[in-house]
Amino acid sequence: GRFRVSGYRFNDSLPDALFAQRSVLSAPASQRETFDFEEPLFSDLERAGLEPSVELSDVRTRVEELVRDQALSGLAPVRLFWRSVSEGLRFNRAEGLYLGMGTSVLLPNRLRARAHGGWSLGRRAASAELELSADVRDPNTRLSAHYSTPRDLGTHAGASGIVNTLASLGRRDYLDLFFETGVHASHRLGSSAEPHLELQLGLARQERAELVVDEPTNTAFRPVRDIEEGTYGSLAVRATWPAAATGWTTAAVAGAHRLNGRSWGRLDLSLSWTRNPPDGPINLAMHTAAGTHIGSRIPPQSLYLLGGRSTLPGHDYRSLVGTQYWLVHGQAGVAVSRPWLELHLGAAGGGVGGLEAPPPGWSGATSPSARGSAWVGFDALWNVVTLDLADGIGPQGRWEVIFAVSPRFHPWL
């Protein structure tokens, strides 16, 4: 509706007698606090069917419910969907050329189903995945079923999907794939932006991969790593303590695993810190991680792998193998022309242990002696792409040039 206010008089003079009297002050506090109102202050609002103004904290909570957690309206209930570019197109030594397509469907009760399927030309085999979750930006609960879906060994991704595809065309594949068919469920207690717990449960049939793009005796690719096939079960609890105000993030994962009749435990810890002031000239970052297994006869697909890009640059890629590991990274950067160019230098150290020899058919070192790395390079285009010159310190260390995309973009590539 509309209403009009009129009859105003501006800059009207006040009578002199108004200021000739004694100043008007408030009544004493005791009298004000005991004043007997004829009716409650909000009685008119109640008669009109209105409510008093809510507290600011209540407004924030309601906004978070409507904006942060609810999916954007206006999007089609059924649409094409890819989590990353690599879900649509990729190339590696275990799949050859892969083509895929996905869809996202809005179900009743604000549930969202996401389905994805594709075909590996090298394997001449299909893969498929179906996920069900609440139709919100960051759902607490996810249920998924997958068929012949590729999984990567190790705890640190060597490259983004696009970079790995380009590298594989030059016969340098940074994935060590195996394939899973099974189900997975996860439930998070709390918001992902605050300290929270996440429960994870999985049961899958795991199968080894093979080289499908070259002859095994005539290829420049690294050998495909073998695994122990069987039905793999896992139950894990992940605790995360993000602290955006201080730059610290701490995470711990404790899990129980079972394969082919034997069980073992695993514990992983990580601590990260960043200092990246928007107007400051110097950026700092530090990351530490460690992990260990509890038990014996750990299968190859659960081992830790270090070496090369993303862990210890300047050493052969994933050449260190163990049931235990530790890793420390540190880097300092200075902005030259923000956001176009930033120079940085860094260092890393790490090692593995707990294993007398690599699994059958694997190459690599299991010695607990530490390795190190040092590098200098630059970040460009809002720190999206990186080029480094690294030197490996320790046995078999060498110089290495590394081109990479920032890890924060890996989920979309």
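**Exercise 1. Is Leu303 buried or exposed?** Place the residue, then list what surrounds it.

Solution. The model is predicted.
- Step 1: find the residue. Leu303 sits in the loop that runs between β12 (282-294) and β13 (304-306).
- Step 2: read its accessibility. The relative accessible area of Leu303 is 3%. Buried means under 20%, so Leu303 is buried.
- Step 3: list its contacts. Beyond four places in sequence, Leu303 is in contact with Gly154, His293, Ile298, Val321, Gly322, Thr323, Leu355, Pro359 and Trp362.
- Step 4: check a pair that is separated in sequence. Leu153 and Leu303 are 150 residues apart in sequence, with 8.0 Å between their C-alpha atoms.

**Exercise 2. Which side chain makes a polar contact with the side chain of Asp176?** Work from location to partner.

Solution.
- Step 1: Asp176 belongs to the loop between α4 and β7 (177-189).
- Step 2: its relative accessibility is 2%, so Asp176 counts as buried.
- Step 3: contacts of Asp176, leaving out residues up to four places away in sequence, include Arg93, Arg151, Arg222, Arg225 and Arg318. Asp152, Leu153 and Tyr317 also touch Asp176.
- Step 4: the polar partner is the side chain of Arg318, at 2.9 Å.

**Exercise 3. Which residues of helix α4 are buried, and what covers them?**

Solution.
- Step 1: α4 spans residues 161-169. Its buried residues are Val163, Asn164, Thr165, Ala167 and Ser168.
- Step 2: apply helix geometry. An α-helix has 3.6 residues a turn, so residues three or four places apart point the same way.
- Step 3: look for the cover. It includes β2 (89-92) and β19 (399-405).
- Step 4: step past the helix end. Just after α4, Arg171 has a positive phi of about 65°.

**Exercise 4. Where do Arg124 and Arg297 lie, and what is the phi of each?**

Solution.
- Step 1: Arg124 is in the loop between β4 (111-120) and β5 (125-134). Arg297 is in the loop between β12 and β13.
- Step 2: phi of Arg124 is near 55°, a positive value. Phi of Arg297 is also near 55° and positive.
- Step 3: set this against the usual pattern. Most residues other than glycine have a negative phi.
- Step 4: add accessibility. Exposed means over 50%. Arg124 has a relative accessible area of 70%, so it is exposed. Arg297, at 61%, counts as exposed too.

**Exercise 5. Which residues does a cis peptide bond join?**

Solution.
- Step 1: the bond joins Arg338 and Pro339, with omega about 5°.
- Step 2: Pro339 lies in the loop between β15 (324-337) and β16 (341-353).
- Step 3: recall the background. Most peptide bonds are trans.

Key: Residues are numbered from 1 along each chain as its sequence is written. This is a predicted model: local features need pLDDT of at least 70, side-chain atom pairs count only at pLDDT 80 or more; totals for chains, interfaces and linings use all residues. Side-chain values use heavy atoms; hydrogens and water are left out. Buried means under 20% relative accessible area, exposed over 50%, partly exposed in between (1.4 Å probe, protein chains only). Helices (H or I, at least four residues) and strands (E, at least two) are DSSP runs, numbered from the N terminus. Contact means heavy atoms within 4.5 Å. A polar contact is a pair of N or O atoms within 3.5 Å; within protein, one must be able to donate a hydrogen and the other to accept it, and residues adjacent in sequence count only if both atoms are side-chain atoms.
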